[in-house]
Amino acid sequence: MAVNNNQSYTIIVSALAPLITSAPVTSAFGGEPYEYDVEASAQPAATYFVFGTPPFGLPPGLTFNATTGLISWPNPQPGTHPISVQAVNVFGTDLQSFVLEVTPVAPLITSSPLLVARTGSLYRYQVHSNG
């Protein structure tokens, strides 16, 4: 007597090429910390790369975490900075390019003027600022 045994299997393949889902932070102020946390959907998890557009390269002081995708710049310098981010895994890549505009911050007056003056007398006030 012959016995037939059938067994069914369902195989779920969880593979996903990276897709960058976060919107870049494209503006900053000079001297004020800048951060952009790059997010991507990917399976397996993506590794991130960041680079500046030739011939500029990345701005001095800008740092990048290839595992988390966090771009940090503690002291951004005013100007226009082209930046590209790439998310990569074994199934593909995604590229996001943007321009970071860093606006200079106007100096802040740090001194306080004398509030009393005499008619007919010379009034002097030395202004101090942070920049």
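Is F91 buried, partly exposed or exposed? The points below begin with that residue and then move through the rest of the predicted model.

1. **F91 and its surroundings.** F91 counts as partly exposed, because its relative accessibility is 47%, and the limits for that class are 20% and 50%. The residue is placed in the loop between β8 (79–89) and β9. If neighbours within four places in sequence are left aside, F91 is in contact with A15, L16, A17, Q43 and P44. Its C-alpha atom is separated by 38 Å from that of G30, a residue 61 places away along the chain.

2. **The cis peptide bond.** Two of the residues in contact with F91 are Q43 and P44. The peptide bond that runs from Q43 to P44 is cis, and its omega is near 0°. P44 itself is located in the loop between β4 (40–43) and β5.

3. **A42 in strand β4.** A42 is a residue of strand β4. With 16% relative accessibility, A42 counts as buried, since the limit for a buried residue is under 20%. Apart from neighbours within four places in sequence, A42 is in contact with L16, A17, P18 and N89. A42 and L16 are 26 residues apart in sequence, yet their C-alpha atoms are 5.0 Å apart in space. L16 and A17 also appear among the contacts of F91.

4. **A nonpolar surface patch.** Which residues form a nonpolar patch on the surface? They are F49, F51 and L95, and together they have about 280 Å² of accessible area. F49 belongs to strand β5, which covers residues 47–52. F49 counts as partly exposed, because its relative accessibility is 42%.

5. **The open sheet.** Three strands make an open sheet in the order β3-β7-β6, and their pairing is antiparallel. The edge strands are β3 and β6 (63–64), each of which pairs on one side only. In general, the strands of a sheet pair through backbone hydrogen bonds, in either a parallel or an antiparallel way.

6. **Pairing of β3 with β7.** β3 and β7 are paired in the antiparallel sense over 4 bridges. Y34 has W73 of β7 as its bridge partner, while Y36 has I71 of β7. These pairs show the antiparallel sense in the numbering: from Y34 to Y36 the residue number rises, whereas from W73 to I71 the residue number falls.

7. **Pairing of β6 with β7.** On the other side of β7, the pairing with β6 is antiparallel over 2 bridges. Here F64 has I71 in β7 as its bridge partner, and I71 is also the partner of Y36. β6 and β7 form a hairpin with 5 residues between them, and in the turn G69 has a positive phi of about 85°.

8. **S72 in strand β7.** S72 is found in strand β7, which covers residues 70–73. This serine is buried, because its relative accessible area is 15%. Not counting residues up to four places away in sequence, S72 touches Y34, E35, G61, L62 and T63. Y34 and E35 are also listed on the faces of β3.

9. **The two faces of β3.** In a regular strand the side chains alternate between the two faces of the sheet. In β3, Y34 and Y36 make up the covered face, and E35 and D37 make up the uncovered one. For Y36, the relative accessibility is 3%, so this tyrosine counts as buried.

10. **The aromatic pair.** How many aromatic pairs does the structure hold? The structure holds 1 aromatic pair. Y36 and F98 form this edge-to-face pair, with 5.7 Å from centre to centre and 90° between the planes. Y36 lies in strand β3 (residues 34–37) and F98 in strand β9 (residues 92–103), so the pair ties together parts that are 62 residues apart in sequence. F98 counts as buried because its relative accessibility is 7%.

Methods: Residues numbered from 1 in each chain as written. Predicted model: local features only at pLDDT ≥ 70, side-chain atom pairs only at ≥ 80, totals over all residues. Heavy atoms only, no water. Patch = residues over 30% accessible without salt bridge, like charges linked within 9 Å, V, L, I, M, F, W, Y side chains within 5 Å. Areas by Shrake-Rupley, 256 points an atom, 1.4 Å probe, with all protein chains shown as cover. Salt bridge = Lys/Arg side-chain N within 4 Å of Asp/Glu carboxyl O. Buried < 20%, exposed > 50% of the residue type's maximum accessible area, 1.4 Å probe, protein only. Phe/Tyr/Trp six-rings, centres within 6.5 Å; stacked < 30°, edge-to-face > 60°. Contact = heavy atoms within 4.5 Å. Pairing = 2+ DSSP bridges.
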